[in-house]
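Here are a few exercises to work through with the model open beside you. Try each one before reading its solution.

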Amino acid sequence: MPAQSHSAETNLEIDRGAHTIRMARAFDAPRAAIFAAWTQPEQVSCWWDAAGEPLATCEIDLRPGGAFKFITKGRPEMPFAGTYSEIAPPDRLVFEAMGSTGRVMLQEVAGKTHMVVEIACQSAEHLDQYLKMGVHTGTSQTLDNLVAYARGRSITADEPA
Amino acid sequence: MTMQDRHSERLSSAFYALSDPTRRAILARLTSGEASVSQLMEPFHLSQPTISKHLKVLENAGLIEGGRDAQRRPRRLAPHAMKDIADWIEPFRQQWAARFDNLDAHLANMKSQEK
């Protein structure tokens, strides 16, 4: 899939003090549409896999305590699964997955929707583990050495050359 | 030593430097602009030798560098070092960026179906 011009708009921030990963992105769609895209299986299936493939499995039991499971075709051994803890359309969805708390927060700003996705881990070590997951690169020796990040430092990718 | 080795050694020393909370706090302070040793002493309630020791570790790791004013010896963030660390996190960011690109395309698709 060719790189899209939008990709530079995703901002990633790591708050090591709060062991939280925070991603922000603006969308040209109303909050309700984005909330539905996160909570209806036929919609999640369309966009969840970074590789651009529809999901092999997408199960959603949308109620507090209800379970969800997203499985990609490429990595069936690594499902993204958990339970919902708060369902507050159109602006807030909270879930527990893989030992961390995920929060999707939607805010309308000047006709656009500002989406913040937070992944709150239990500890700094857990945060490092989380960052390593699903990331397959040849730099594992340096990954093992990662111990810290300056608190609150935001990282935005450079434009591709 | 190959370039890859050098790169990996530099990252290791950067990660070591970042393992200390005081050094992380110093870096966080320098993100808002350069500062001299005495300016750094105040907020951290540390002695001049202690601050200097931490600055040395950060400097050796290539995370900070000396500013232009030779007398005050202000320190500032070294932009390239932070970029190396940013590169480390890049695969994770890219994965989510790709996912959000898909979501963006999906939302546009849903919108056009409505019409």
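## Exercise 1: Get to know the two chains

Chain A has four helices and nine strands. Keep in mind that this is a predicted model.

**Task.** Write down the order of elements in chain A and in chain B, starting from the N terminus.

**Solution.** Start with chain A, where the elements run β-β-α-α-β-β-β-β-β-β-α-α-β. Then move to chain B, with its five helices and two strands. Here the order is α-α-α-α-β-β-α.

**Task.** What percentage of each chain is buried, and what percentage of its contacts join residues at least 24 apart?

**Solution.** Take burial to begin with. In chain A, 25% of the 161 residues are buried. In chain B, 31% of the 115 residues count as buried. Now look at contacts between residues at least 6 apart in sequence: in chain A, 38% of them join residues at least 24 apart. For chain B, that figure is 54%.

## Exercise 2: Follow the helices of chain B

**Task.** Decide how α2(B) and α3(B) are oriented, and find the residues that meet.

**Solution.** Begin with the axes: helix α2 (residues 21-30) and helix α3 (residues 37-44) of chain B come within 11 Å and cross at roughly 120°. That angle makes α2(B) oblique to α3(B). The crossing is right-handed. Next, pick out the residues. From α2(B) come B:Thr22, B:Ala25, B:Ile26 and B:Arg29, and they meet B:Leu40, B:Pro43 and B:Phe44 of α3(B). Sorted by class, this contact has five nonpolar residues, one polar and one charged.

**Task.** Do the same for α3(B) and α4(B).

**Solution.** The axes of α3(B) and helix α4 (residues 48-60) of chain B are 10 Å apart, and the packing angle is about 110°. Because of that angle, α3(B) is roughly perpendicular to α4(B). On the α3(B) side you'll find B:Val37, B:Leu40, B:Met41 and B:Phe44, which meet B:Gln48, B:Ile51 and B:Ser52 in α4(B). The class tally for this contact is five nonpolar, two polar and no charged residues.

## Exercise 3: Trace the nonpolar cores

**Task.** Find the largest nonpolar core and work out which elements build it.

**Solution.** This core has 25 residues, and those with the most contacts inside it are A:Ile34, A:Val44 and A:Phe70. Listing the elements that give two or more residues, you get α1 (31-39), α2 (41-47), β4 (67-71), β5 (80-88), β6 (92-97) and β8 (112-120) of chain A, together with α5 (79-114) of chain B. The largest share, five residues, comes from α5(B).

Now zoom in on A:Ile34. Leaving out residues up to four places away in sequence, A:Ile34 touches A:Phe27, A:Ala29, A:Leu106, A:Thr113, A:Met115 and B:Leu107. There is also a second, separate core of 16 residues, which includes B:Ile26, B:Leu27, B:Leu30 and B:Ala35.

As background, nonpolar side chains tend to be buried together in soluble globular proteins.

## Exercise 4: Place one loop residue

**Task.** Where does B:Arg72 lie, and why does B:Arg72 count as partly exposed?

**Solution.** First the location: B:Arg72 is in the loop between β1 (64-66) and β2 (75-77) of chain B. Then count neighbours. B:Arg72 is partly exposed because 15 C-beta neighbours lie inside 10 Å, and buried would need 20 or more. Finally, check the distance to B:Ser36: the two residues are 36 apart in sequence, yet their C-alpha atoms are 6.0 Å apart in space.

Note on methods. Residues numbered from 1 in each chain as written. Chains lettered and ligands numbered in written order. Predicted model: local features only at pLDDT ≥ 70, side-chain atom pairs only at ≥ 80, totals over all residues. Axes fitted to C-alpha atoms, helices over the stretch in contact; angles between N-to-C directions. Parallel < 35°, antiparallel > 145°, perpendicular 65-115°, else oblique. Left-handed = near helix turned anticlockwise from the far one by under 90°. Contact = placed C-beta atoms within 7 Å. Nonpolar A, V, L, I, M, F, W, Y, C, P; charged D, E, K, R; others polar. Buried ≥ 20, exposed ≤ 12 C-beta atoms within 10 Å, placed from the backbone. Core = buried A, V, L, I, M, F, W, Y, C linked by C-beta atoms within 7 Å.
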